[in-house]
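Me: I've got this model open and I'd like a close look at one part of it, the largest pocket. Could you walk me through that pocket and then through what packs around it?

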Amino acid sequence: MSFDTGLGLAAVVVLPLLIAIGVGASRYAGLRHDRGVVTAALRAVLQLTAVGLVVGVALRHTLGAIAFVLVMFVVATITSTRRIHSAAVIPRQWVYCATAIGCGAFAVLLLLILPGVVPRNPATILPMGGIIIGGAMTATTLAGRRVLSEYHTRYGEFEAGLSIGLLSPDAFKLVVGPVAGDALLPALDQTRTVGLVSLPGAFVGMVLGGASPTEAAALQLVVLIGLIAAEAIAILTITELLARSSLPDGRTVSP
């Protein structure tokens, strides 16, 4: 059986089965993501089909790759804003998400690309941009939701901080600061266990493409450390912005 035939079989049989398993597990555990599993899968199919047509063009020109990275940034901002919006309605929320994701992702990308740490070509800029922006988006979403949940749960402590003379941002960070870092745990665990628990895509892709394991490991190390840096900046930024925002009464914020 060729690779193409196997892939076709997976698309027709295995993938729908996996979706059904995800929906079943969500329903059995009461996770309330039954529809979300199906929607995410269908969107992934449509988006990857469309992206496959566009990426070929973007990979031919540096400006095309940069434009595609900017589109990724916009979509990441919208996605993170919607997720955090479900926890609390905060003015200028999309600005906060864009700032957090942008500061984390673009600071790291510029630091890697401009000095030539990674090749300055479309084939590197595009996937690297997607990986780093995706990580910053996830960290922003997780940190924002976790922070707002903690603010709701410990709103009494926040008020107590205000009562003893703390400014609102200081009282907010005193209450939620310790949990914001939880959003960095996935990136930290991925880096700690790389090569032992998983072989990340950049490493495998380079080896399959003919690069030596040493070269592949060096690039993967850059990606992993870059992700940690981008996500740490994003977490710091979203926490600081939320601390200085016009937060609603903590009793009205969904946990």
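Reply: Here is a walk from the pocket outwards, with a few residues picked out along the way.

Keep in mind that this is a predicted model. The chain is helical, with 10 helices and 0 strands, so in the order of elements from the N terminus you read α-α-α-α-α-α-α-α-α-α.

Let's go straight to the pocket. Its volume comes out at about 1200 Å³, and 26 residues line it. If you want to put your cursor at the middle, go for Arg-43, Gln-47, Val-75, Thr-79 and Met-137, the lining residues that lie nearest the centre. Three elements give two or more residues each to that lining: helix H2 (34-58), helix H3 (62-85) and helix H5 (122-153). Of these, H3 gives the most, with 9 residues. As for chemistry, the lining is a mix of 13 nonpolar, 8 polar and 5 charged residues.

Now stay on H3, where you'll also find Thr-77. Is Thr-77 buried or exposed? Its relative accessibility is 6%, and because the cut-off for buried is under 20%, Thr-77 counts as buried. Setting aside neighbours within four places in sequence, Thr-77 is in contact with Trp-94, Cys-97, Ala-98 and Ile-101.

That last partner is worth following. Ile-101 sits in helix H4, and Ile-101 is buried, at a relative accessible area of 0%. The step from Ile-101 to Thr-77 covers 24 residues in sequence and 7.1 Å in space, C-alpha to C-alpha. Around Ile-101, once residues up to four places away are left out, the contacts are Phe-73, Ala-76, Thr-77, Ser-80, Phe-106, Ile-133, Ala-136, Met-137 and Thr-140. You've already met one of those: Met-137 is among the residues nearest the pocket centre. So Ile-101 touches Met-137, and through that contact you can walk back to the pocket.

Two of the partners of Ile-101, Phe-73 and Ile-133, bring us to a nonpolar core. They belong, along with Val-108 and Val-118, to a core of 24 residues that is the second one and separate from the largest. Val-118 makes a good next stop. This residue lies in the loop between H4 and H5. Being in a loop doesn't leave Val-118 open to solvent here, as its relative accessibility is 1% and it counts as buried. Among residues beyond four places in sequence, Val-118 touches Leu-112, Ile-113, Thr-124, Met-128, Leu-219 and Val-222. For Leu-219 the jump along the chain is 101 residues, while the C-alpha atoms are separated by 7.7 Å.

Met-128 links on to another residue. Apart from neighbours within four places, Val-223 is in contact with Met-128, Ile-131 and Ile-132. Val-223 itself is in helix H10, and with a relative accessible area of 4% Val-223 is buried. Look also at Thr-191, whose C-alpha is 9.7 Å from that of Val-223, with their positions 32 residues apart along the chain.

What about the largest nonpolar core? That one has 26 residues, and those with the most contacts inside it are Tyr-151, Phe-158, Phe-172, Ile-235 and Leu-242. Helix H4 (93-113), H5, helix H6 (155-163), helix H7 (168-180) and helix H10 (213-243) each supply at least two of its residues. Phe-158 gives you a feel for the packing: leaving out residues up to four places away, Phe-158 touches Tyr-151, Ser-168, Ala-171, Phe-172 and Val-175. H5 therefore turns up twice, as a contributor to the pocket lining and to this core.

One spot away from the cores deserves a glance. Arg-32 lies in the loop between helix H1 (3-29) and H2, and has a positive phi of about 65 degrees although it is not a glycine. Most residues other than glycine have a negative phi. Arg-32 is also exposed, with a relative accessible area of 78%.

Zooming out to the whole chain, 33% of the 255 residues count as buried. Of the contacts with a separation of 6 or more, 72% come from residues 24 or more positions apart; the pair Ile-101 and Thr-77, at 24 residues apart, is one you've already seen. Finally, the chain exposes about 14500 Å², with carbon and sulfur atoms supplying 70% of it.

Methods. Residues are numbered from 1 along each chain as its sequence is written. This is a predicted model: local features need pLDDT of at least 70, side-chain atom pairs count only at pLDDT 80 or more; totals for chains, interfaces and linings use all residues. Side-chain values use heavy atoms; hydrogens and water are left out. On a 1 Å grid over the protein atoms alone, a cavity is a set of points where a 1.4 Å probe fits but cannot get out, and a pocket is an open set with protein on both sides within 12 Å along at least five of seven lines; lining residues have an atom within 4 Å of a point. Grid points are joined across faces, edges and corners, and a volume is the space filled by probe spheres set on the points. Helices (H or I, at least four residues) and strands (E, at least two) are DSSP runs, numbered from the N terminus. Ala, Val, Leu, Ile, Met, Phe, Trp, Tyr, Cys and Pro count as nonpolar, Asp, Glu, Lys and Arg as charged, and the others, Gly among them, as polar. Buried means under 20% relative accessible area, exposed over 50%, partly exposed in between (1.4 Å probe, protein chains only). Contact means heavy atoms within 4.5 Å. Accessible areas come from the Shrake-Rupley method with a 1.4 Å probe; for residues, only the protein chains shown count as cover. A nonpolar core is a set of buried Ala, Val, Leu, Ile, Met, Phe, Trp, Tyr and Cys residues joined through side-chain atoms within 4.5 Å.
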